[in-house]
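This report describes a protein model with its nucleic acid partners, moving from individual side chains to contact surfaces and cores. The sequence and the coordinates come first, and the discussion follows.

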Amino acid sequence: MTIIEKPADWPRSEAEALAVQNALRDRVVLGEVGPPPGTGLVTGVDVAYDDDRDLVAAAAVVLDAATLTVVEEATAIGRVAFPYIPGLLAFREIPAVLAALGRLESGPGLVVCDGYGQAHPRRFGLASHLGVLTDLPVIGVAKNPFTFRYEQPGQERGAASSLLAEDEEVGRALRTQPGVKPVFVSVGHRVGLGQACAQVLHLAPRFRLPETTRHADALCRRALKEAVAG
DNA sequence: GCGACAG
DNA sequence: ATCTTGTCGC
């Protein structure tokens, strides 16, 4: 376990956070294809909250991409760094996520986070922000379409449709299991959208959500409970 | 002004 | 995200 240090210059208001997003958004790299599915390491990150106690717990779980088995886990505990404001989720989650990632001995490889990257009002969601700060390949997988439009993808596993902001494809609704609600994939940093969807499909052979987020979700909840108990 | 709104 | 029991099903 490690204690989260919120950066001293972390925004303290909505206006400051918006300014940070505008300052960092053009550092996102969108021209790379990214790592192919089934090779190297893939790391899931997630965060759980206890707002009453002002506590946050983050987890990073590294999987072998070929076998989807866990090779390393790390957690971090700290104070909530920012309120939840739609469009500013990154400021709430990133200090905790960076602390957990920093505890890993493995290089994380591809990072999979909850939420969005390009599918964001200013094209700079959590996955993009985390990518810019770490320069790692990062993708975002969300359970809800946020404010974006999409056509229902086909019922078969692997079917996908565009997530649209006006005319721009900012992500994809991807069916990871037949007849089950799709997940919403978008690019964060140094990964193409097609490759991001291929990665997510590979990471979700049995359940709707990728194994990375399932493991990370379970671990950060466990870490939060232990922090409250102890 | 009011509702919608990733986690 | 979180509040929350049992219950149906593989």
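## Glutamate 169 and its surroundings

In this predicted model, the side chains of glutamate 169 and arginine 172 are joined by a polar contact of 3.0 Å. The side chain of glutamate 169 also makes a polar contact with the side chain of serine 162, at 2.7 Å. When neighbours within four places in sequence are left aside, the residues in contact with glutamate 169 are Ser162, Leu163, Leu164 and Leu193.

Glutamate 169 belongs to strand E8, which covers residues 168–174, and its relative accessible area of 34% places glutamate 169 in the partly exposed class. Along the chain, glutamate 169 and valine 228 are 59 residues apart, and their C-alpha atoms are separated by 42 Å.

## Aspartate 50 and valine 228

Valine 228 also serves as a reference point for aspartate 50: these two residues are 178 residues apart in sequence, while the distance from C-alpha to C-alpha is 8.8 Å. Val228 is in fact one of the residues in contact with aspartate 50, together with Leu55 and Leu224, once neighbours within four places in sequence are set aside.

Aspartate 50 is located in strand E1. Is this acidic residue, aspartate 50, buried or exposed? With a relative accessible area of 13%, aspartate 50 counts as buried, because the class takes in residues under 20%.

## The surface near DNA strand B

DNA strand B is surrounded by 19 residues, of which Tyr84, Gly87, Tyr116, Lys143 and Asn144 are the closest. Of the atoms of DNA strand B that come within 4 Å of the protein, 45% belong to sugar and phosphate. By residue class, the surface near DNA strand B divides into eight nonpolar, six polar and five charged residues, and helix H2 (residues 89–102) supplies the largest share of this surface, namely three residues.

Which parts of DNA strand B do individual polar atoms of the protein approach? An N or O atom in the side chain of tyrosine 84 lies 3.1 Å from a phosphate oxygen of DNA strand B. Two backbone approaches involve the bases instead: a backbone N or O atom of leucine 88 is 3.4 Å from a base nitrogen of DNA strand B, and a polar backbone atom of leucine 126 is 3.3 Å from a base nitrogen of this strand.

## The surface near DNA strand C

Around DNA strand C the model places Ala48, Tyr49, Lys143 and Arg221, which divide into two nonpolar residues, no polar ones and two charged ones. Lys143 is also listed among the closest residues to DNA strand B.

Phosphate oxygens of DNA strand C are approached by side chains as well as by backbone. An N or O atom in the side chain of lysine 143 is 3.2 Å from a phosphate oxygen, and a polar side-chain atom of arginine 221 is 3.4 Å from a phosphate oxygen. From tyrosine 49 it is a polar backbone atom that lies 3.5 Å from a phosphate oxygen of DNA strand C.

## Nonpolar cores

The largest nonpolar core holds 31 residues, and the members that touch the most others are Val45, Phe82, Leu101, Leu130 and Val138. Two or more residues of this core come from each of strand E1 (41–50), strand E2 (55–64), strand E3 (69–79), H2, strand E4 (110–114) and helix H3 (126–134). Among these elements, H2 gives the largest share, eight residues. Apart from this core lies another, of 17 residues, including Ile139, Val141, Leu174 and Ala196.

Phenylalanine 82, one of the members of the largest core that touch the most others, has contacts well beyond its sequence neighbours. Not counting residues up to four places away, phenylalanine 82 touches Trp10, Pro11, Arg12, Ser13, Glu14, Ala17, Leu88, Phe91 and Arg92.

## Cysteines

How many disulfides does a search of the whole structure find? The search finds zero. Cysteine 113 is in no disulfide, and the cysteine sulfur nearest to it, that of cysteine 220, is 13 Å away; a pair would count as a disulfide within 2.5 Å. Cysteine 220 is likewise in no disulfide, with the sulfur of cysteine 113 as its nearest cysteine sulfur.

Cysteine 113 is buried, with a relative accessible area of 1%, and cysteine 220 is buried with a relative accessible area of 1%.

Conventions:
Residues numbered from 1 in each chain as written. Chains lettered and ligands numbered in written order. Predicted model: local features only at pLDDT ≥ 70, side-chain atom pairs only at ≥ 80, totals over all residues. Heavy atoms only, no water. Near = heavy atom within 4 Å. Polar contact = N/O pair within 3.5 Å; in protein donor to acceptor, adjacent residues only side chain to side chain. Helix = DSSP H or I, 4+ residues; strand = E, 2+ residues; numbered from the N terminus. Nonpolar A, V, L, I, M, F, W, Y, C, P; charged D, E, K, R; others polar. Buried < 20%, exposed > 50% of the residue type's maximum accessible area, 1.4 Å probe, protein only. Core = buried A, V, L, I, M, F, W, Y, C linked by side-chain atoms within 4.5 Å. Contact = heavy atoms within 4.5 Å.
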